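Work through these short exercises with the structure open. Try each task before you read its solution.

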Amino acid sequence: MAKTSALETLIDLATDDRDAAAATLGRLRRDHQQTEQKLEALLTYHAEYQRRLDDAMAMGMSIATLQNYQRFIASLEHAIEQQRGAVNQSERRVEHGNEDWRDRQKRLNSYDVLAVRRREAAQQAEARREQRQTDEFASRALSAGLYQ
């Protein structure tokens, strides 16, 4: 089994963290979309009910019926305001989820840069070792040729 370096372990952990943040962000975006859809449904229902009230008023209605319409429209408007608050909260959660994902991606990128630098340094060291070895063989071959 290959030995895992501390940096590789950090990269694995950072990848897991980033993936978890991405999953959370996806869930937050879906929740936000559902929250916005609920608001749109409430707004549509409010507009429809307001149209019904206008139509009923044109035909004439009792005070009690008018008050019922008004109470119901007022409760719809209250629900709309609450849903707008929920939309705002879900937007903030999505923004925080985005920030969290970016932070985790940035951390992973920095570990990746360190890993690349480490690999490049190892490759350079190997190239220098091979060059020294080649130079030594050439020097021995030259020495052996001069003294024969």
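**Exercise 1.** In which helix is the place of Met 59? Classify its exposure, then relate Met 59 to Ala 14.

*Solution.* Keep in mind that this is a predicted model.
- Step 1: Met 59 sits in helix 1.
- Step 2: Its relative accessible area is 75%. Exposed means over 50%, so Met 59 is exposed.
- Step 3: Along the sequence, 45 residues separate Met 59 from Ala 14. In space, the two are 67 Å apart, C-alpha to C-alpha.

**Exercise 2.** Decide whether His 46 is buried or exposed. Then find its contacts beyond four places in sequence.

*Solution.*
- Step 1: Locate the residue: His 46 is in helix 1.
- Step 2: The relative accessible area of His 46 is 17%. The limit for buried is under 20%, so His 46 is buried.
- Step 3: Set aside neighbours within four places in sequence; His 46 then contacts Ile 73, Leu 76, Glu 77 and Ile 80.

**Exercise 3.** Find the patch of negative charge on the surface and say which elements give two or more residues to it.

*Solution.*
- Step 1: List the members. They are Glu 36, Glu 40, Glu 91, Glu 95, Glu 99 and Asp 103.
- Step 2: Assign the elements. Helix 1 (6–59) and helix 2 (63–146) each give two or more residues to the negative patch.
- Step 3: Compare the shares. Helix 2 supplies the largest, with four residues.
- Step 4: Check one member. Glu 95 belongs to helix 2. Its relative accessibility is 46%, so Glu 95 counts as partly exposed.

Definitions and conventions. Residues numbered from 1 in each chain as written. Predicted model: local features only at pLDDT ≥ 70, side-chain atom pairs only at ≥ 80, totals over all residues. Heavy atoms only, no water. Patch = residues over 30% accessible without salt bridge, like charges linked within 9 Å, V, L, I, M, F, W, Y side chains within 5 Å. Areas by Shrake-Rupley, 256 points an atom, 1.4 Å probe, with all protein chains shown as cover. Salt bridge = Lys/Arg side-chain N within 4 Å of Asp/Glu carboxyl O. Lys, Arg positive; Asp, Glu negative; His and termini not counted. Charge placed at Lys NZ, Arg CZ, Asp CG, Glu CD. Buried < 20%, exposed > 50% of the residue type's maximum accessible area, 1.4 Å probe, protein only. Contact = heavy atoms within 4.5 Å.
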